[in-house]
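Here are my notes on this one, set out as numbered points. Have the chain open while you read.

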Amino acid sequence: MSPSGNTRIFITGATGYIGGTVLSALLSNPETDTFEITALIRSAEKAPLFNSIGVKTVIGSNSDLDTLTSLASEADVVLATADADDLNAAKAILRGLKKQHEETKKVPILIHTSGTGVLIDQAAGNFTADKIYSDLDIPKIERLPKTQPHREVDIAVVAADEEGYARTYTILPSTIYGIANTSLVSLGIQNPYSRQIPLLIKTGLARGQGGVIGKGLNVWPSVHIDDTATLYTTVFDAATKGPGETGHGREGFYFGENGEYSVGELSQAVAKLLYELGRGKSAEATVFTDEELDKYFVGPWFGSNSRACAERARLIGWNPAHNIDSLYASLRPEIEAIVAKQTA
């Protein structure tokens, strides 16, 4: 706590799709008058706009490790939303939290962003995996190899909790969808667009035809951006009430999902919409070639399975409002937004 008794919050990734939406939700929190929020941002031009909504800023990025350490050492709660795979940045934040604990004996909180990408396989679109992970089944999560995406950082975050100098909570969203509509977007200081589905759309636009990876049999969970924000605030509220309110450390994994979708069916829906909008040769998705996969997609994730069941957050009151129907309803606005940007 600050000398005034307020909760000092440090957030990374505040101009991003997730971070900006989470920050906006915090600014609407009933306790927001007791928050002192500091955001690490890259652009000095955006600082006055953040200041106008009561958020202090420090100019820098995840590469400024000393800055991360310093700011984390002064925070009661750190919300890390910038990069799930930046081990150096995560360690810098953890150093700051450890420094604070050694100096004050307090146990600060870290809410870290990972993702269900940690669960991916090498299906290449050719099969549906049987294995479904629950965030209550910790031994199953702990059997994931260190080589999985996000996993090395997740392990470091859990280790900090095990050592006792921080209470850590790891949030793992799945395919996040929907165009963010927040106060930060209105101010022009937040990216309102996701990455996963827009990449599929942009690839279809670039090749003039919607596409699919392999047989399109792989399955992913999904979660709306607004439900993602309430997932963070649900965990935040529980964490700040005290260590006994909800699981942390190795018991502190929180999947973000509200239903699964077939990646092949989603790809077909995108292809159909592109065709209807005069942007595809056919309403049927065609299989991406190996050359196209290398050119447009980074890694195997869009052809993989990532099957997760978000049980832990629901136990503490998270109640996502958007389902798979919302996911499909979001596709046309996403396509229209991307086309408008490309033709502007």
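1. Is the crossing of helix 1 and helix 9 left-handed or right-handed? It is right-handed. Bear in mind that this is a predicted model. Helix 1 covers residues 17-27 and helix 9 covers residues 225-241; their axes sit 9 Å apart, at an angle of about 60°. That angle makes helix 1 oblique to helix 9.

2. On to who touches whom in that pair. From helix 1 you get Tyr17, Ile18, Thr21, Val22, Ala25 and Leu26, and they meet Ile225, Ala229, Tyr232, Thr233 and Phe236 of helix 9. Sorted by class, the contact of helix 1 with helix 9 has 9 nonpolar residues, 2 polar ones and no charged ones.

3. A second helix pair: helix 10 (residues 263-276) and helix 14 (residues 331-343). Their axes come within 10 Å and cross at roughly 55°, so helix 10 is oblique to helix 14. The crossing of helix 10 and helix 14 is right-handed. On the helix 10 side the contact uses Leu266, Ala269, Val270, Leu273, Leu274 and Glu276, while helix 14 supplies Leu331, Arg332 and Ile335. By class, that contact of helix 10 with helix 14 comes to 7 nonpolar, no polar and 2 charged residues.

4. Now some backbone to look at. Most residues other than glycine have a negative phi. Lysine 105 has a positive one, near 70°. Lysine 105 belongs to the loop between helix 4 (87-104) and strand 5 (109-113), and it counts as exposed because its relative accessibility is 64%.

5. Histidine 150 also deserves a look: its phi is positive too, near 75°. Where is histidine 150? It lies in the loop between helix 5 (138-142) and helix 6 (151-163). Histidine 150 has a relative accessible area of 16%, so it is buried.

6. Valine 298 is another loop residue, placed between helix 11 (290-296) and strand 14 (308-309). Is valine 298 buried or exposed? With a relative accessible area of 68%, valine 298 is exposed. The C-alpha atoms of valine 298 and leucine 273 are 24 Å apart, with the two positions 25 residues apart along the chain. Leucine 273 is one of the helix 10 residues that meet helix 14.

7. Last, the annotation. An unreviewed UniProt entry gives "domain: NAD(P)-binding" for residues 13-101. In the model, residues 13-101 are 46% helix and 18% strand, and the C-alpha atoms at the two ends are 24 Å apart.

Definitions and conventions: Residues are numbered from 1 along each chain as its sequence is written. This is a predicted model: local features need pLDDT of at least 70, side-chain atom pairs count only at pLDDT 80 or more; totals for chains, interfaces and linings use all residues. Side-chain values use heavy atoms; hydrogens and water are left out. Helices (H or I, at least four residues) and strands (E, at least two) are DSSP runs, numbered from the N terminus. Buried means under 20% relative accessible area, exposed over 50%, partly exposed in between (1.4 Å probe, protein chains only). UniProt positions are given in the numbering used here, feature names are shortened, and annotations may be inferred rather than shown by experiment. Axes are lines fitted to C-alpha atoms, for helices over the stretch in contact, and angles run from 0 to 180 degrees between N-to-C directions. Angles under 35 degrees count as roughly parallel, over 145 as roughly antiparallel, 65 to 115 as roughly perpendicular and the rest as oblique. A crossing is left-handed if the near helix is turned anticlockwise from the far one by less than a right angle, and right-handed if clockwise. Contact means heavy atoms within 4.5 Å. Ala, Val, Leu, Ile, Met, Phe, Trp, Tyr, Cys and Pro count as nonpolar, Asp, Glu, Lys and Arg as charged, and the others, Gly among them, as polar.
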